[in-house]
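Subject: Handover of a structure, with findings

Dear colleague,

Please find below the structure that I am handing over to you. My findings follow it, and I would suggest reading them with the structure open.

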Amino acid sequence: MRKISLDRLDALFAAISKAYTLYIPTDTKAGAKFEKWHGEERLSDALNTVRSPKDFFFPQTENLMDFKVEGKNIEVIDTRSECGDFAVFGVRACDVKSFDILDRVFLSDPVDSYYKNRREHGVIISLACTKPAETCFCHTFGIDAASPEGDVVCHKTEDALYMEARSEKGEKLMSAVSDITEDADSAAVDAQKKLIEDRLAKLPLAELSADAFGDGKTSEFFNAPEWSELSEACLGCGTCTFVCPTCQCYDIKDFNTGHGVKRFRCWDSCMYSDFTKMSAGQPRLTQLERFRQRFMHKLVYYPTNNDGLFSCVGCGRCVAKCPIHMNIVKVMKKLGGSKNG
Amino acid sequence: MQVNEYKPLIVAFCCNWCSYAGADLAGNNRLNYPADVKIIRVPCSCRVNPMFILRAFQRGADGVIICGCHPGDCHYTSGNYYTRRRMALLFSMLDYLGIERERTRVEWVSAAEGAKFAATMKDFAEKVASLGENKRLEDLRCKK
Amino acid sequence: MQEIKREVLVNKAKELLSDGTVDRVLGWKRGEFDYDVTPGVFRSAEELDSGFVWGDFCGANFSKYLVKETAKGEGRVLVFLKPCDTYSFNQLLTEHRFDREKVYALGVPCNGMLDISRIKESAEGIVSVCEEDGKVTADTLYDGKKTFDRDALLPDRCSNCKSKKHVAYDELLGSDGEVLDSGRFDEVEKLEKMTADERFAFWQGELSRCIRCNACRDVCPACTCEKCVFDNPDSGVENKAAADSFEEKMFHIIRAFHVAGRCTDCGECSRVCPQHIPLHLLNRKFIKDIDEFYGEYQAGAEVGSRAPVVNYTTDDIEPSQAVERGEQNA
Amino acid sequence: MVDEREALIPKVGVVTDIRIDTPDVKTFRVVTPDGKKAFEHRPGQCAMLSIPGVGEAMFSITSSPTNTEFMEFSIKKCGCVTEWLHSMEVGQQITIRGPYGRPFPVDTEFAGHDLLFIAGGIGLAPLRSVINYCRHYRDRYGKIDIVYGSRSKQDLVDYDEIISEWKNDDGINVHLTIDREQPEWDGHVGFVPNYVKELGFTNDKIAVLCGPPVMIKFTLSGLQELGFDKTQVYTTMELRMKCGIGKCGRCNIGSKYVCKDGPVFRFDEIDELPDEY
């Protein structure tokens, strides 16, 4: 384990920046946001960024390919290019876990080469949470905010940042900062972990459990009468899906630029009324079906296809951002609650 | 004369009954106006949806002008009055967003005003040329 | 703190349910915390007792829900309307969006609703929020209790409230207020006085945060089209994510334009924006221009009024004068 | 350039022949620009066709895998992509990617059995691939019955092929029906589900169903009346798709993705899916 004094963070960022494009969470008018580090950007004290870091691997929009159309002829132009090495500093435990969930979608056969390219070149420097919020429930999904995963795992104490490499990519990054960091024992980090664990246990949502959900529970919950009440106020907007670190649905669309066609991919939301609309009909007719799809996917369908792994990491973004304050916590309590009586 | 002198692309939405005929008259009378004015004929100036204007900018226009019958002379009685209100509000909004106000204009041109049409286009093109390329409402994907 | 207590609303709702005036109640449902209130339908006294809340976080404007709710069946629905909600209510009636006969509207006075994000700016881990004598106290996980001036926690739509007067109701709880002379156009004026470059930089910064979640549109009581032009693949402008910064501008200009003259300035768009884009400043620009160009007009002030954008006079201001007027202000 | 195959990047295909089947169905023959088949597939699988600038859509491959020269797609005009396809001329290039989905188990469950194909309208398109595959390997299967119905004679897809080829094959019985009487028709008149019951098949076969939802529903219950078990009946489904590879998230029914786990399902598998299709 290595450490560096907090007042030398700039030196650390500068050293990382030499070999990687570095992104850190910084404060903006509308909350924290990952920004490219140029030298002036300060590390945010906020618990987490408003948008999740999934953009780094699965951006909101990306060009997939170009087409040149001339008369009856079409030329397909592969616009993919090798991505440069980059490092994302300050990723929280929940968001680190979200990459695992996205990996299982995008890296399963057939591999999504756009995602894989960025994933291979990205180094995750995680940061343990010191002040989890009232909206946090990562422990519900077995995530330990005190000990995140990641290529390099960091703990921030009062005066220093402790860093430990956990992967080959992490080792490589750490070797680039070996000059400015010093060896440290784990005492301070252990004390920090203990503090965080105590705090986690006191969170208002500490008791939330996902045990009622998971692999093979489709028939148990699909026709639950509670969906009607849960979804009645849903506006059908995409806020929850767009701030969610694990929502990965996308749309593929063409844009005619006037001198060619760009086929791009962009985030889509199962909450949108046209998501499944076909010329032949609409399998998810009302907001109830769309709403149910989102939560069933996170709590039942995804675990069914992925060895019981839930596709929610308890980051609390939807809890904070939903315009009508309906969220997965309320859904779980309502559905899980009624089952237990 | 410079070889690659900047020439703005102007989109002119012209009402079928007055301004389009005015443009025709300008042509018949061999009156010069900039060749980079692309005329789109519309049944009435009030057919011009604000989105048409934005899309013209998206697709590379540097200036957008809407020409209709003089107020009171609308072929459909009142279409151009609505145009006037909508465009007053839209242009004011574009200005509010920091889009150069000289890039948009409404001009009333009758079927008899071929000379006015040519002069208006010349003047508008010059004003837009002095602003340079449209950067504030551009869509980078549409750039060559 | 709100003037009328929760019990008054609950008792009134129970009374109207039991005498058969209404068969369901559109109200606010208790959440996990004090601030995460969800709109919902209550059908019984028991549901009201256990789940109904009324307080400083009941900001949601129920008018738009009436479109969906009244279409469900024959029964009458009870709705609570704050003064600003009544304007949206009238505007929707003007546009024939729901059946007035199927609604029993109960006017509730409002002292302004709090914006939780203003508390979160300076307090982490909010466990509870309570209020006494104009002071709001948030109990937090890490910093103990933090006290705020209530006025400092009001969102712009409330600190610049345009009216405490209910323009529509079947019955009013408490006393009615007045139309206020608010400073709601101050921010717009400030922007108008900037240079074009400054304005462009300001809006570029704000709009570039947009994630196109469509919450502003979906919550807007004026946006009740069956199919939005931005969802229609045949419109040529359909887009789900801004693939270029042009599309952010396009979406927000057109969204505001489509509600110009119909927007009552309820401020729901800015309340729901997850990226805190001050969308109301676009709508207010249109309102201010309309007032100045075509005479004072408040959408929803009365049912059946003709909006200025679908009207004209023969001596209206020319578009060129409209933008020059901005220059005189500067 | 990233040196990796990308499923979302299509190949160019050329339309070399367009056959007008019915007033709203055309069959397109597609090869690569150098005249080859774009890729190999199994019966029941699909491909993504697109016209850049218009859109991309999933279609079942109508031709049999045993056709070594080209692929065919029978496409009904019903949306913006299909409308554009219908307006194409021979020589037009399109893009094509695939194959997608789980095919019919022609070499396993189907092998050695009598087969009963039941199709309605454009529902014949996905079945034609299997039928021709089975005709090609005729000795691997028992008796084959084909029940095909449509609104009118003009709406029968592949009518010429059915009459000139399928009907003449040994051990293949073709039963055609149309919904309403019409002058030049001397065959059966009536809806498919009723016709299936009238024909009274024995339940020792494997049945494959494809057609409009209402036809599927009633035909399935008809087959059950005849003693068929749901494990003996297959169908192929369709939902909106964008990626075709189980990632974009819209074609799922419960935890199953139609593009990846389907489009071919056995009815006992469908029973396990939630009712959302």
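I begin with the overall form of chain D. For its 277 residues, a compact globule would have a radius of gyration near 19 Å, and chain D has 18 Å, which agrees. Please keep in mind that this is a predicted model. Taken along the principal axes, the box filled by the C-alpha atoms of chain D is roughly 60 × 45 × 35 Å. Of the 277 residues of this chain, 54% count as buried. Among the contacts in chain D with a separation of 6 or more, 70% are made by residues 24 or more positions apart.

Chain D: the sheet

Six helices and 15 strands make up the list of elements in chain D. As a general point, the strands of a sheet pair through backbone hydrogen bonds, either parallel or antiparallel. In chain D, an open sheet of six strands shows antiparallel pairing, and its order is β4-β3-β6-β1-β2-β5. Which strands stand at the edges of this sheet? They are β4 (55-60) and β5 (71-76) of chain D; each has a single partner strand, so one side of each is left without a neighbour in the sheet. From one strand to the next, the twist averages 40°.

The partner of the edge strand β4(D) is worth finding in the viewer. Strand β3 (residues 46-51) of chain D pairs with β4(D) in the antiparallel sense, over six bridges. One of the bridge partners to look for is Glu56(D) in β4(D), which is matched with Ser50(D).

Chain A: a set of paired strands

In chain A, I suggest starting from strand β2 (residues 21-28), which pairs with strand β3 (residues 31-36) of chain A in the antiparallel sense over six bridges. How many residues form the hairpin link from β2(A) to β3(A)? The hairpin joins the two strands through two residues. Within this pair, Pro25(A) has Phe34(A) of β3(A) as its bridge partner.

Strand β2(A) also pairs with strand β6 (residues 86-91) of chain A, here in the parallel sense and over three bridges. Two residues of β2(A) can be used to follow this pairing: Thr21(A) has Phe86(A) as its bridge partner in β6(A), and Tyr23(A) has Val88(A).

Strand β6(A) in turn runs parallel to strand β7 (residues 122-127) of chain A, and five bridges join them. For example, the bridge partner of Ala87(A) in β7(A) is Val123(A). Is β6(A) mostly covered or mostly open? It is mostly covered, as five of the six residues of β6(A) are buried.

How the chains meet

Five pairs of chains touch, and the pair with the most contacts is that of chains A and D. Chain B and chain D, by contrast, do not touch, and their nearest C-alpha atoms are 14 Å apart.

The contact between chains A and C takes 33 residues from chain A and 31 residues from chain C. On the side of chain A that touches chain C, the elements giving two or more residues are α8 (239-243), β11 (250-256), β12 (261-267) and α11 (328-340) of chain A. The residues of this side of chain A divide into 18 nonpolar, six polar and nine charged.

With kind regards

Technical notes
Residues numbered from 1 in each chain as written. Chains lettered and ligands numbered in written order. Predicted model: local features only at pLDDT ≥ 70, side-chain atom pairs only at ≥ 80, totals over all residues. Helix = DSSP H or I, 4+ residues; strand = E, 2+ residues; numbered from the N terminus. Rg over C-alpha atoms; globule rule 2.2 N^0.38 Å. Buried ≥ 20, exposed ≤ 12 C-beta atoms within 10 Å, placed from the backbone. Contact = placed C-beta atoms within 7 Å. Nonpolar A, V, L, I, M, F, W, Y, C, P; charged D, E, K, R; others polar. Pairing = 2+ DSSP bridges. Axes fitted to C-alpha atoms, helices over the stretch in contact; angles between N-to-C directions.
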